[in-house]
Amino acid sequence: MEQRKRVVIVGGGYAGVKALQTLAASNLCDIILIDQHPYHYLQTEAYELIANECSMSRVTIDLVALSLSYGEHVTFIKDTVREIDFENKCASGQNSCHPYDYLLLCTGSRTAFHSTIAGLREHSHGVKTLPSALSFKHQFEQRLYARMESEGGWCGEPFNVVIGGGGLSGVEIAAEMAYYIRVFHKDNTLTCEDIHIFLIIPHENVLEGMERYLIQKATRRLTQLGVKIINHSRITSVEEHTLILDNDDVLCFDFMIFTGGIIASTLTSTMTTAKNKKSQIIVDEYLRVPTYNGVFAAGDIAELRGVEGELLPPTAQSAEQSGTLAAQNILAMIENREMRCAKIRIEGMMVALGGNYAAISLFGVIRISGLLGYWVKRVIMRGYRYLLHRQCIKGMDKSSKTKHRCHTGF
Ligand SMILES: Cc1cc2nc3c(=O)[nH]c(=O)nc-3n(C[C@H](O)[C@H](O)[C@H](O)COP(=O)(O)OP(=O)(O)OC[C@H]3O[C@@H](n4cnc5c(N)ncnc54)[C@H](O)[C@@H]3O)c2cc1C
């Protein structure tokens, strides 16, 4: 009997988890899921974590329990893959090498702290990883506390929070923080209402490239919440508490978050295959990485295209679809079937805009905003987490029966 093929998935984010589910359902191969963390971080819910709307457990899925739930042919390994030996088909981790027949790269992307902006990396926070989101939340609260503690501190000087970048994550965080601060002020009448949020964007509008409806709703809501949008502006340099814009304006800040773009995971820097300006791998129409046999890439690490061949922005939605499609094509290769072209269809966009408010556009025809939009987004997002969480419970049951090691802390 032919030996089962070994498929290694590197990265247990939106793309990796979908690929895992597709491959596990086929029962055709042995699957090794490798991630540097034992959890899947739900980045799309990061704004709620930052604004204290939910706890850490709400934005994580335990990858150990999830993998266990699919039975003996799925293994989770906590490791950071540094390099891949494509010739000998092995993904090198910190201490060992993980052999594969097929490899799926899903290691996502990082915040692009552009080296051309002096001081950006040193003096601003990213939110693309759980430790960075937690560190930001912690430091932000400490600064708020220090202001509260110092008598008259609030009424003296303003407290400025700067967010660089007006894409989905920048807008969601700006809106949620503005809302949080509003609630904070209401609850703590001792404070002066002198906390400002600045959103610095290079274009005319926030959410550049998205539907007009979403842009208008987001702009209106941000303005209502008191967010000051500084458009047509680029940050040129950052120091500990000041930044300079390209028109030479100087802005003082207490806290800065940068969300102005992404760059593919560092793993791509070790690969000689063709990449775009964001270091994303240029995959073929089947999501294969050209030059390397049996290697696929999905999610933010790859340059993804939609049904019309258009370039897609990095989203959880495109990551999930590409993860599924790449896994289906791996199965097709295993079974000697024809592969499917990866045509990714963006069904809509949902933008959380602080508190119980969201703007949504689905299938090009449904447009909702306000409380209803918030509930639709919440149901979809929570539904994603709920299904994975239920699957994890099966894994925990199995682990207690078989006495497998299982992380339950997340
Ligand atoms: C604040 C914020 C809000 C967002 N809101 C939305 C939204 O509302 N809607 C939407 O569609 N998208 C949103 N996005 C974008 C979305 O989260 C990303 O596009 C999505 O996470 C990409 O999925 P992925 O699977 O490619 O990568 P990720 O989800 O980032 O997963 C990558 C995984 O790979 C692991 N990894 C990385 N390097 C290594 C390595 N060398 N070895 C082992 N493991 C490794 C990481 O630990 C991680 O688990 C948001 C992003 C942010 C930051």
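Two residues are said to be in contact if their C-beta atoms, placed from the backbone, lie within 7 Å. The exercises below concern a predicted model, in which local features need pLDDT of at least 70 and side-chain atom pairs count only at pLDDT 80 or more, while totals for chains, interfaces and linings use all residues. Residues are numbered from 1 along each chain as its sequence is written.

**Exercise 1. Describe how the two domains of the chain meet, and state which elements of domain 1 take part.**

Step 1. Begin with the bounds, which come from an automatic or database domain assignment: domain 1 covers 5-111 + 263-346 + 382-402, and domain 2 covers 120-256. The C-alpha centres of domain 1 and domain 2 are 32 Å apart.

Step 2. Then turn to the contacts, in which 12 residues of domain 1 meet 15 residues of domain 2. On the side of domain 1 that touches domain 2, the elements giving two or more residues are helix H2 (46-50) and strand E10 (109-111), where helices (H or I, at least four residues) and strands (E, at least two) are DSSP runs numbered from the N terminus. The largest share of that side, four residues, is contributed by H2.

Step 3. Finally, sort the side of domain 1 that touches domain 2 by class, which gives seven nonpolar, four polar and one charged residues; here Ala, Val, Leu, Ile, Met, Phe, Trp, Tyr, Cys and Pro count as nonpolar, Asp, Glu, Lys and Arg as charged, and the others, Gly among them, as polar.

**Exercise 2. Work out the strand order and the pairing sense of the sheet that contains E11, and place helix H7 against it.**

Step 1. Two strands pair if DSSP finds at least two bridges between them. By this criterion four strands form an open sheet in the order E13-E12-E11-E17, with parallel pairing. Strand E13 (228-230) and strand E17 (255-258) are the edge strands, each of which pairs on one side only.

Step 2. Neighbouring strands of this sheet are turned against each other by 20° on average, direction ignored; axes are lines fitted to C-alpha atoms, for helices over the stretch in contact, and angles run from 0 to 180 degrees between N-to-C directions.

Step 3. For one pair in detail, strand E11 (residues 159-164) and E17 are joined in the parallel sense over four bridges, and valine 161 stands opposite phenylalanine 255 in E17. Helix H7 (residues 168-187) packs on the sheet and touches E11, strand E12 (195-200) and E17, its direction making about 170° with that of E12.

**Exercise 3. Lysine 186 lies in helix H7; decide whether lysine 186 is buried or exposed.**

Step 1. A residue is buried if 20 or more other C-beta atoms lie within 10 Å of its own, exposed if 12 or fewer, and partly exposed in between, with C-beta atoms placed from the backbone.

Step 2. Lysine 186 has 10 C-beta neighbours inside 10 Å and therefore counts as exposed. For the chain as a whole, buried residues make up 43% of the 410 residues.

**Exercise 4. Trace the pairing of E21 with E20 and E22, and describe the turns of the two hairpins.**

Step 1. Strand E20 (residues 348-352) and E21 pair in the antiparallel sense over five bridges, and alanine 352 has alanine 358 in E21 as its bridge partner. The hairpin of E20 and E21 has five residues between the strands, and glycine 354 in the turn has a positive phi of about 90°.

Step 2. On the next connection, E21 and strand E22 (residues 366-370) are again antiparallel, over five bridges, with isoleucine 368 in E22 as the bridge partner of isoleucine 360. Three residues lie between the strands of this hairpin, and phenylalanine 363 in the turn has a positive phi of about 55°.

Step 3. Strand E21 (residues 358-362) is mostly covered, four of its five residues being buried.

**Exercise 5. Identify the strand order of the sheet that contains E15, and name its edge strands.**

Step 1. Three strands form an open sheet in the order E14-E15-E16, with antiparallel pairing. Its edge strands are E14 and strand E16 (250-252), each pairing on one side only.

Step 2. Strand E14 (residues 235-238) and strand E15 (residues 242-245) pair over three bridges, with valine 238 opposite leucine 243 in E15, and they form a hairpin with three residues between them.
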